[in-house]
Amino acid sequence: MNETDVDSAVESVETQPEAAEPEQQAPVKGGPIRSAMGVLKTARPRQWAKNVLVFVAPFTAAQITNGSVLLDAVVAFVAFSLVASSVYLINDAIDVEADRAHPTKRNRPIAAGIVPVPVAYVAAVVFFAAGLGVSFLASPQLAIVLGVYEAVQLGYCFGLKHQPVVDLAIVGSGFLMRAIAGGVAASITLSQWFLLVTAFGSLFMVAGKRYAEIMLFERTGAKIRSSLKKYSASYLRFVWATAAAILIMSYSLWAFTLREGAHGSIWPMISMVPFVIAVLRYAVDVDGGTAGEPEEIVLKDRVLQVLGVMWVVTLAVTFYL
């Protein structure tokens, strides 16, 4: 969340210092260029990969080859990236003192003094305003989705991230809103199955990440976010297992619906095979307590990548052939 999802900077949250608190790092002076580069780094451009979710709705609506729809989705991608970056900046500015007491987060630009806190807040406003302005190129409704996203994530940054269950819902909602943004930008009606698959897929990934964090804490005693101290590993395991079950069921029912709309084509049913296997493969990482950011897992797991390609191909055949 850090994004703010599952992390990212909104999901990169405050950790509690131990009794022997490490010496805080003294702020470092930086010139304008260094400060600007620090702002860019804090904006988390690597996290923009999450925003490809805006293309899911146009793809599943068989509209991704429509030039105007694709352009609107690109606008949504850019706008969401800018708005999400504003949240990352605010999150790091709020957590600056805690980050300075952390062995690795102390090197973040704001904690290191490369980016002054006031500059971070100003940059966040600029990023948000830019994203909001870009969104109007696609649809006023997209601007509303972005505004709701910003408000929810700011609530997370200013305290809701410390509330168990609520933090899972908020981080998961970030992924859901990305998918909704793609549909809203292109004026595509989102089906109930699409929303259910996206919602529980998001919860599955977020709960899995939290489960991995608490498993790491139990094995090594590593510092964890404060909200995790109110969870147990068994509870988080229950949440991600439940989310996985509902995700698979929702997608299966969606596949049956797609088959009816595809004149009895067998391809929607075939798409269930790589999808279910991919979910179970991802669950292996979760169960082993090694699940990190979703995009990092996908980039490192070749089998998961192959399954993803197979799934996309089966859907492409369903929608476009």
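Val-171 counts as buried, at 0% relative accessibility. Here buried means under 20% relative accessible area, exposed means over 50%, and partly exposed is in between (1.4 Å probe, protein chains only). You'll find Val-171 in helix α7. Helices (H or I, at least four residues) and strands (E, at least two) are DSSP runs, numbered from the N terminus. Look 10 residues along the chain from Val-171 and you meet Lys-161, with 8.9 Å between the two C-alpha atoms.

Before going on, a word about what you're looking at. This is a predicted model, where local features need pLDDT of at least 70 and side-chain atom pairs count only at pLDDT 80 or more, while totals for chains, interfaces and linings use all residues. Residues are numbered from 1 along each chain as its sequence is written, and side-chain values use heavy atoms, with hydrogens and water left out.

**The overall picture**

How many helices and strands does the protein have? There are 12 helices and zero strands. Of the 321 residues in the protein, 50% are buried.

The UniProt record (an unreviewed entry) places the feature "transmembrane region" at residues 70-90, 110-132, 193-212, 233-254, 266-283 and 303-320. UniProt positions are given in the numbering used here, feature names are shortened, and annotations may be inferred rather than shown by experiment. Take two of those stretches. Residues 233-254 are 100% helix and 0% strand, with the end C-alpha atoms 31 Å apart. Residues 110-132 are 70% helix and 0% strand, and there the end C-alpha atoms are 24 Å apart.

**The cores**

Now for the inside. A nonpolar core is a set of buried Ala, Val, Leu, Ile, Met, Phe, Trp, Tyr and Cys residues joined through side-chain atoms within 4.5 Å. The largest one here has 42 residues, and Phe-204, Tyr-211, Leu-236, Trp-240 and Tyr-251 have the most contacts inside it. The elements giving two or more residues to this core are α2 (56-60), α7 (166-185), α8 (192-220), α9 (233-261), α10 (267-287) and α12. Which of them gives the most? That's α9, with 11 residues.

Zoom in on Tyr-211. Leaving out residues up to four places away in sequence, Tyr-211 touches Ala-233, Leu-236, Arg-237, Trp-240, Val-286 and Asp-287, where contact means heavy atoms within 4.5 Å. Apart from the largest core lies another, of 16 residues, among them Val-54, Ala-84, Tyr-88 and Met-177.

**Charged pairs**

A salt bridge is a side-chain nitrogen of Lys or Arg within 4 Å of a carboxyl oxygen of Asp or Glu. By that rule the count is six. Here are three of them:

| Pair | N to O distance |
|---|---|
| Asp-92 and Arg-108 | 3.5 Å |
| Arg-100 and Glu-97 | 3.4 Å |
| Arg-210 and Asp-167 | 3.4 Å |

Why does the Arg-210 and Asp-167 pair tie together parts that are 43 residues apart in sequence? Because Arg-210 lies in helix α8 and Asp-167 in helix α7. Both partners are out of sight: Arg-210 is buried at a relative accessible area of 0%, and Asp-167 is buried at 0% as well.

The Asp-92 and Arg-108 pair does a similar job, with Asp-92 in helix α3 (residues 67-94) and Arg-108 in the loop between α4 (96-100) and α5 (117-135), so parts 16 residues apart in sequence are tied together. Asp-92 is buried, with a relative accessible area of 2%, and Arg-108 is buried too, at 16%. Add Arg-44 and you get a network of salt bridges linking Arg-44, Asp-92 and Arg-108.

Arg-100 and Glu-97 stay within one helix: both lie in α4, three residues apart, about one turn of the helix. An α-helix has 3.6 residues a turn, so residues three or four places apart point the same way. Is each partner buried or partly exposed? Arg-100 is buried, with a relative accessible area of 13%, whereas Glu-97 is partly exposed, at 43%.

**The last helix and a glycine**

Helix α12 (residues 302-320) has 19 residues and reaches 26 Å from its first C-alpha to its last, close to the expected 27 Å. That expected span is 1.5 Å times one less than the number of residues. Among the buried residues of α12 are Leu-304, Leu-307 and Phe-319.

Finally, Gly-133 lies in helix α5 and is partly exposed, with a relative accessible area of 41%. Ala-143 is 10 residues from Gly-133 in sequence and 8.0 Å away in space, C-alpha to C-alpha.
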